[in-house]
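User: I have a model open and want to practise reading it. Can we work through some questions together?

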Amino acid sequence: MRLLMSRGTAGPLTVVIALGTAQTIAWASSYYLPAILAAPIAGDLGLAPTYVFGALSGALVISGLIGPRVGHAIDTFGGRSMLAVSNLVFAAGLLLLSAAYGIAVLIAAWILLGIGMGMGLYEAAFATLARIYGANARRTITGITLIAGFASTLGWPLTTWLATEYGWRAACQLWAVIHISLALPLNLALPRAAPLHQEAGPSTGASQQSGGQSETFAMILLAYMFAAASFVSSGVSAILPTMLVAFGATPAQALLAGALVGPAQVGARLLEAGWLGRFHPLLSARLAMLMNPIGVLALVAGGPLLAPLFTVLYGAGNGIITIARGTLPLALFGPVGFGRRVGMISLPSRATGAFAPLALGLMVEHLGSSALWIGALASVSAFFALLLLRGDQTT
């Protein structure tokens, strides 16, 4: 694969498979790791699991803070080297985590993992594709989210099996080996970015947007929308079964409904890759932001029986918004400077995503099922922010 891509003969499908696989590894070994390892790590270190999740929250903030600089570097030099270095940072963080016997090393490990996340997760991957394909990167962005959408589906069982059979330290060490032996070669096999003067200019949507609306105002609207979406996604995902039980569902009903989130995300991304892909990404994003409020209304009207409908709508909205994080800025502003813009836009969303589980957890504790309305209102406010953006012609 590397030989073919180095000769420039690789098609977009080959690039999508390589980068999508590398992204799956990156997400499974960082963002999704505490869901399985928080309890054994905390038990071994004599800490509450909250400390491990708190370390993840700190890592998310770090990844957001370095995002603009990472994006600017990718804009300037391309993303292949940045993504490859992220694999080395991930591996170092995981190895350090496996050697942790106290809170100081635990925190140091998650600082490294936060740096790796800022260098190697979706925003960096999207910027890399924008440098390779310019304004035509939309389909490849959708493609890698389709593959990496299975990061938890594949990562959680593997991490669980490793931790059960060999212990959590060996699980971290094996993920580090996977980064070096598989993800690193895949990222190094990506095509070199096109020279800056060969990049396609902004799309039609970008020129129309810039002609009637300032870029700063548009970026503020996007930053708010993605921050609100991240608050809902991270918060609700963390406490979804608890929230459904608060609405009257049995634990079994809540777990069954929660299992539909993943398939709904994949289904929505397939829809975006097909029919919705003919339209401007603003249409997809607006529809996505309405799905969670509609699901809450259905849950209120129908009770626990409609819990599956709520989780399907919620998951579908999440799936599309993940793609919009890359495709919407690309359509509005074009590929030039894309990485820096995405880094700046994503910074608030990393912060809201970091504190959302704690915030919504406290809301459920004190407000019960009414906490879902908080998420619905956040989604509605994001929808109205999108209505203020211009550029809703077909592409």
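User: Is Glu123 buried or exposed?

Analyst: Keep in mind that this model is predicted. The relative accessibility of Glu123 is 10%. Buried means under 20%. Because 10% falls under that cut-off, Glu123 counts as buried.

User: Which side chain meets Glu123 in a salt bridge?

Analyst: The pair links distant parts of the chain, 227 residues apart. Glu123 sits in helix H7, and its partner in helix H17. The N to O distance is 2.5 Å. The partner is Arg350.

User: How many residues apart in sequence are the parts that Arg138 and Glu272 tie together?

Analyst: Arg138 forms a salt bridge with Glu272, with the closest N and O atoms 2.8 Å apart. Arg138 lies in helix H8 and Glu272 in helix H14, so the pair ties together parts of the chain. Their separation in sequence is 134 residues.

User: Glu215 forms a salt bridge with Arg341. Is Glu215 buried or partly exposed?

Analyst: Buried requires under 20% relative accessible area, and exposed requires over 50%. Arg341 is buried at 10%. Glu215 has 32% relative accessibility, so Glu215 counts as partly exposed.

User: How far apart are the end C-alpha atoms of helix H16?

Analyst: Helix H16 has 27 residues. At 1.5 Å a residue, they should span 39 Å. The model agrees with that: the end C-alpha atoms are 38 Å apart.

User: Where does H16 bend?

Analyst: H16 runs over residues 307-333. The bend is about 45°. Its position is Ala324.

Notes. Residues are numbered from 1 along each chain as its sequence is written. This is a predicted model: local features need pLDDT of at least 70, side-chain atom pairs count only at pLDDT 80 or more; totals for chains, interfaces and linings use all residues. Side-chain values use heavy atoms; hydrogens and water are left out. Helices (H or I, at least four residues) and strands (E, at least two) are DSSP runs, numbered from the N terminus. The expected span of a helix is 1.5 Å times one less than its number of residues. The bend at a residue is the angle between axes fitted to the seven residues ending there and the seven starting there. A salt bridge is a side-chain nitrogen of Lys or Arg within 4 Å of a carboxyl oxygen of Asp or Glu. Buried means under 20% relative accessible area, exposed over 50%, partly exposed in between (1.4 Å probe, protein chains only).
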